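Work through the exercises below with the sequence and the coordinates open beside you. Each task is followed by a solution in steps.

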Amino acid sequence: MSGRGLWAVQRITAMFLALAVLVHLATILVAVRGGLSAAEILARTQGNEAWLGFYASFALAAGLHGAIGLRAIAGEWLGWRGRGFDAAWLAAGLLTAALGIRAAIGLYAA
Amino acid sequence: MASLQVSVWRGDATGGDFARYTVPARENQTVLDVISWIQREEAPDLAYRFACRVGMCGSCAMEVNGRARWTCRTHVSKVATDGVLEVRPLANLPVIRDLATDMAPFFDKWARARGTFQPKDSPDGAVPADFAVVPPESPKRQAADAGIECIGCGVCYASCDIVAWNKDYLGPAALNRAWTLVNDVRDGARADRLEAVAGDAGCHACHSTQSCTSRCPKGLDPSGAIAGLKRSIFWSVFGITR
């Protein structure tokens, strides 16, 4: 993917994350303040497609956004530039996202 | 008679140091007047550059008390604290000698940013058969007008942190020029130009710290121009011309 493609992905994921982080924080606060037990949380996440869809998207956006941001920092500070590094950062972002999505699937299918 | 204590950087590409001069203070006096006095009265071998003396040519920019400025339009009373001045060559450019910098890298980057107008009507460079009509109130024309008055003095380039960190970065002036042409409806090289200014050495390297905008003697907004390029490139990823 070209540099400007990566940049576009980062802007789009930033827009989504701005909302998703708020939803995520609100979810945590509600779960903790509401005194939900682990079993009660699992009862809400199991088989819940909307929940899985949201958290899979969240993990994908966060993984890509973080890796592309680190790519920019590494380019400026370490001189790590070029197609090879771009591919490595994209792979790192997708791997991070895959780990997050796997965790979401774990709670969905638990 | 009151006097000014003026430190002037003297040297060349291999290095140098400040030389100190005592210059008569006058009621109305620009920094360029001070430099000229030093050259005429104290140091005939002092190298510096100027032409118009009235803020039109953009050749007399230097760093005065830590900030890049046009010396011809900077009154000593506005910048000197306790009658002390420190004058250096523009930052981020190779020094030829004393206060004269080599502007070649700066203008080479204008060329790399595709800063030349390429007529849509006559790609071969011939004069078009008729005048183009561009309504002054059209948004594109207004956007082009916003940056067209740049005279290439290099103040923004010398003030830019990103240029200091990344020698390949095209810099605010070249990108401002590119944005002006992107908004020129008569121009036919939009796609090539957006390609030329994208990436880690182009507009995407900008951190929007806006020193260029705050220091531009013409009051232009290169930072806004760079943001415009980023927007246009964003939409171009999806094949949308905006």
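The exercises treat confidence, the contact between the chains, and the nonpolar cores.

This is a predicted model, in which local features need pLDDT of at least 70 and side-chain atom pairs count only at pLDDT 80 or more, while totals for chains, interfaces and linings use all residues. Residues are numbered from 1 along each chain as its sequence is written, and chains are lettered from A and ligands numbered from 1 in the order in which they are written.

**Exercise 1.** State the confidence scores.

Solution. For the model, ipTM is 0.81 and pTM is 0.90. Chain B has an average pLDDT (the predictor's confidence in each residue, from 0 to 100) of 95, and 100% of its residues score at least 70.

**Exercise 2.** Describe the side of chain A that touches chain B.

Solution. Counting residues as in contact if their C-beta atoms, placed from the backbone, lie within 7 Å, nine residues of chain A and nine residues of chain B take part. Next, helix H1 (3–33) and helix H3 (49–78) of chain A, where helices are DSSP runs of H or I with at least four residues, numbered from the N terminus, each supply at least two residues to this side. H1(A) gives the most, with six residues.

**Exercise 3.** Locate the largest nonpolar core.

Solution. A nonpolar core is a set of buried Ala, Val, Leu, Ile, Met, Phe, Trp, Tyr and Cys residues joined through C-beta atoms within 7 Å, buried meaning that 20 or more other C-beta atoms lie within 10 Å of a residue's own. The largest has 60 residues, and B:Leu175 and B:Leu229 have the most contacts inside it. Helix H7 (residues 172–182) of chain B provides the largest share, seven residues. Domain 1 (3–101) and domain 2 (104–237) of chain B, with bounds from an automatic or database domain assignment, both give residues to this core, so it lies between them.

Definitions and conventions: Two residues are in contact if their C-beta atoms, placed from the backbone, lie within 7 Å. A residue is buried if 20 or more other C-beta atoms lie within 10 Å of its own, exposed if 12 or fewer, and partly exposed in between; C-beta atoms are placed from the backbone.
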